[in-house]
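Open the model in your viewer and show the backbone as a cartoon. The tour goes from one helix to the contact between the chains, then to the core and the rotation axis.

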Number of protein chains: 2
Amino acid sequence: MTEDHRSTCPIACTLDLVGDRWTLLVLRDIFLGKTRYDEFLASPEKISTNILADRLRRLEAMGMVEKQPYGAHRKRMEYRLTERGQSLGPILEAMVQWGRANVPGTERFQPQSSH
Amino acid sequence: MTEDHRSTCPIACTLDLVGDRWTLLVLRDIFLGKTRYDEFLASPEKISTNILADRLRRLEAMGMVEKQPYGAHRKRMEYRLTERGQSLGPILEAMVQWGRANVPGTERFQPQSSH
């Protein structure tokens, strides 16, 4: 636990790390097979470019995603989950279950083929 | 799904409802057996009174908690989980598991005896 955390509660600490409106949605996209900036921007929630850039930077700093260049342009990055990022799967899964049971009209998003 | 939601994704919808830094901590407290305003304020995360009041009001509006007066003063309220509120348990549990495994120094908070 670091000084950034509000208490020793594991729920509070998890929320301190990923408990905002966007971080878990970026992780969802990566779980679904998306790897690239323009793919994240194309998601229906319409994340803004500055929030996306910030959340990817934080996720990388937290060791949950890693990026590597792809293609001819060294500046184009692909993002993938680390093992630590993968370990957030059960939280996302619990939200999928709860949302489907409690919010009419929701449907689990389907994985897309990876690059 | 209502117009308040960003997409039909069950994760996005769940985050729209409870995905802020405080709502799930108030729910945690109620799961742990706390029912009263001053008990929520005494939690180590030090929620402010105005945020607490707002989150309790929203949780009641979402049908996740219900309040009833207690004691001699009609204005003193006790808050308890509804069935819908109870159904968020697996999300909190997934966060407990993740936090304990990934944030050193965290420990599951213990239930307290109810009134």
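A residue counts as buried here if 20 or more other C-beta atoms lie within 10 Å of its own. Keep in mind that this is a predicted model.

**Stop 1: α1 of chain A**

Select residues 10-18 of chain A, which form α1(A). How many of its residues are buried? Nine of nine are, so that the helix is mostly covered. They are A:P10, A:I11, A:A12, A:C13, A:T14, A:L15, A:D16, A:L17 and A:V18. To see what covers them, add α2 of chain A, then α2 and α6 of chain B; the buried residues of α1(A) pack against these helices.

**Stop 2: α1(A) against α2(B)**

Now keep α1(A) and select residues 23-31 of chain B, helix α2(B). The two axes come within 10 Å and cross at roughly 170°. Angles over 145 degrees count as roughly antiparallel, and α1(A) is therefore roughly antiparallel to α2(B). Show side chains for A:I11, A:A12 and A:L15, which meet B:L24, B:L25 and B:R28. This contact is made of five nonpolar residues, one charged and no polar. Residues three or four places apart on an α-helix point the same way, because the helix has 3.6 residues a turn.

**Stop 3: the whole contact between the chains**

Widen the selection to every residue in the contact: 41 from chain A and 40 from chain B. On the side of chain A, the elements giving two or more residues are α1 (10-18), α2 (23-31) and α6 (89-102). Which of them gives the largest share? Colour α6(A), which supplies twelve residues. By type, the side of chain A that touches chain B has 22 nonpolar, ten polar and nine charged residues.

**Stop 4: the nonpolar core**

Select A:I11, A:I91, B:I11 and B:I91, the residues with the most contacts inside the largest nonpolar core, which has 50 residues. Helices α1, α2, α4 and α6 of both chains each give two or more residues to this core. Centre on B:I91: beyond its neighbours within four places in sequence, B:I91 is in contact with A:I91, A:A94, A:M95 and A:W98.

**Stop 5: the rotation axis**

Finally, superpose the chains. A turn of 180° with a shift of 0.0 Å along the axis lays chain A on chain B with an RMSD of 0.0 Å. The copies are thus related as by a two-fold rotation axis. To find this axis, select A:D20, whose C-alpha comes closest to it among the residues of chain A, at 2.6 Å. Of the interface residues of chain A, 98% are also interface residues in chain B, so the copies meet through the same surface.

Terms used. Residues numbered from 1 in each chain as written. Chains lettered and ligands numbered in written order. Predicted model: local features only at pLDDT ≥ 70, side-chain atom pairs only at ≥ 80, totals over all residues. Contact = placed C-beta atoms within 7 Å. Helix = DSSP H or I, 4+ residues; strand = E, 2+ residues; numbered from the N terminus. Nonpolar A, V, L, I, M, F, W, Y, C, P; charged D, E, K, R; others polar. Axes fitted to C-alpha atoms, helices over the stretch in contact; angles between N-to-C directions. Parallel < 35°, antiparallel > 145°, perpendicular 65-115°, else oblique. Buried ≥ 20, exposed ≤ 12 C-beta atoms within 10 Å, placed from the backbone. Core = buried A, V, L, I, M, F, W, Y, C linked by C-beta atoms within 7 Å. Least-squares fit on C-alpha atoms with pLDDT ≥ 70 in both.
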